[in-house]
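These are my notebook entries on a structure that I am opening here for a reader who has not met it before. I look things up one at a time and write down what I find.

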Amino acid sequence: MRAAFIIIYDSNGRSLRKLNPVVFRRALGPGDAYRLEVTIPAPTLDATLSELRARFPRLRVIHKRDDGFSRLLDVLVRVVTFGGNSAYMSRYVTTLGQSIYLPAGWEARGELERVIVLRHEAVHLEQFRRYGKLGMALLYLVPVCPIGLAIGRARLEWEAYAETFRATAEILGLEAARDPALREHVLTQFVGPAYGYMWPFRRQVGRWIDAELERLAQSAPGG
Ligand SMILES: [Zn+2]
């Protein structure tokens, strides 16, 4: 086994110190003259998509406007939510099976925003792989009642929204993940018409969000 070393360079590229990781941790105590800064570039949309294609070889990315099935779903969603959700074609990204369906205006969104959305959808791709289409349909639509209270749908969506918070913290920083506007947006998805009022318990969803933010704060650098 080869010993691992951490080498600290100055700005001219000269090596200053060569330390094993245990010594390095001690060497970087308070008052130490060196600081290690690692800047990880934000993931690009292309990189995110190729990573997704590697994880999900059957992935298809489709624009809703080009897809007859999506136009049919749009009508259905309007009917079952009593017109409450009319943004199916224009706002929502939808994952079914191993396909991600994009709304109008997708290209106009910021690149990092799109990366974060794709990380949320990747959780759904994983869920479809785990439960299959029939399993997902049952979990999504049946318990407890399709409209009003749907614990299956709420659990599946919460798993994906937890990833939204994680991706936001990783890509835009912890403060962005704590933004009250993001919190309100996610709360609305659960208690509002977007998913047929799937889990209308604001305080409970709020506690799920708090717990996830707490986990993120603890795993954040310096936290
Ligand atoms: Zn979702």
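**Entry on helix 7 and helix 8**

In which hand does helix 7 pass helix 8, left-handed or right-handed? I looked this up and noted that the crossing of helix 7 over helix 8 is right-handed. I should record at once that I am working with a predicted model. On the contact between these two helices, I wrote down that, by class, there are six nonpolar, one polar and two charged residues in it. From helix 7 the residues involved are Arg183, Val186, Leu187, Phe190 and Val191, and they meet Arg202, Val205, Gly206 and Ile209 in helix 8. Helix 7 covers residues 180–191 and helix 8 covers residues 202–219, and their axes come within 10 Å and cross at roughly 135 degrees. With that angle I could classify the pair, and helix 7 and helix 8 are therefore oblique to each other.

**Entry on the whole chain**

I then stepped back to the protein as a whole, and counted its secondary structure as eight helices and five strands. Reading from the N terminus on, I find the elements in the order β-β-α-α-β-α-β-β-α-α-α-α-α. The protein has 223 residues, of which 22% count as buried. I also looked up how far apart in sequence the contacting residues are, and among contacts with a separation of 6 or more, 57% are between residues 24 or more positions apart.

**Entry on the sheet**

Which order do the strands take in the open sheet? I noted three strands in the order 3-5-4, with mixed pairing. Strand 3 and strand 4 stand at the edges and have a single partner strand each, so one side of each is left without a neighbour in the sheet. The twist from one strand to the next averages 25 degrees.

I followed the parallel pairing next, where strand 3 (residues 60–63) is joined to strand 5 (residues 99–102) by four bridges. Within this pairing I found Arg60 with Ser99 of strand 5 as its bridge partner, and Val61 standing opposite Ile100 in strand 5.

On the other side of the pairing scheme, strand 4 (residues 94–96) and strand 5 pair in the antiparallel sense over three bridges. Here Thr95 stands opposite Ile100 in strand 5, and I had already met Ile100 as the residue opposite Val61. Strand 4 and strand 5 form a hairpin with two residues between them, and in its turn I noted Gly97, which has a positive phi of about 60 degrees.

**Entry on Ala169 and helix 5**

Is Ala169 buried or exposed? I placed Ala169 in helix 5, which covers residues 151–172, and I record Ala169 as buried because it has 21 C-beta neighbours inside 10 Å. Leaving out residues up to four places away in sequence, I find that Ala169 touches Leu174, Ala177, Leu216 and Ala220. I looked further at Leu216, which is 47 residues from Ala169 along the chain, and the C-alpha atoms of these two residues are separated by 7.4 Å.

Ala169 led me to the packing of helix 5 with helix 8, where I noted an angle of about 35 degrees and axes that are 10 Å apart. Helix 5 passes helix 8 in a right-handed crossing. The contact is made by Trp158, Ala162, Phe165, Arg166 and Ala169 of helix 5, together with Trp208, Glu212, Leu213 and Leu216 of helix 8. By class, I recorded seven nonpolar, no polar and two charged residues in the contact of helix 5 with helix 8.

**Entry on helix 2 and helix 4**

At what angle do the axes of helix 2 and helix 4 cross? I noted roughly 15 degrees for helix 2 (residues 45–55) and helix 4 (residues 111–141), with their axes coming within 9 Å. Angles under 35 degrees count as roughly parallel, and helix 2 and helix 4 are therefore roughly parallel to each other. Helix 2 passes helix 4 in a left-handed crossing. Leu45, Thr48 and Leu52 of helix 2 make the contact with Glu111, Arg114, Val115, Leu118 and Ala122 of helix 4. By class, I counted five nonpolar, one polar and two charged residues in the contact of helix 2 with helix 4.

Methods:
Residues are numbered from 1 along each chain as its sequence is written. This is a predicted model: local features need pLDDT of at least 70, side-chain atom pairs count only at pLDDT 80 or more; totals for chains, interfaces and linings use all residues. Axes are lines fitted to C-alpha atoms, for helices over the stretch in contact, and angles run from 0 to 180 degrees between N-to-C directions. Angles under 35 degrees count as roughly parallel, over 145 as roughly antiparallel, 65 to 115 as roughly perpendicular and the rest as oblique. A crossing is left-handed if the near helix is turned anticlockwise from the far one by less than a right angle, and right-handed if clockwise. Two residues are in contact if their C-beta atoms, placed from the backbone, lie within 7 Å. Ala, Val, Leu, Ile, Met, Phe, Trp, Tyr, Cys and Pro count as nonpolar, Asp, Glu, Lys and Arg as charged, and the others, Gly among them, as polar. Two strands pair if DSSP finds at least two bridges between them. A residue is buried if 20 or more other C-beta atoms lie within 10 Å of its own, exposed if 12 or fewer, and partly exposed in between; C-beta atoms are placed from the backbone.
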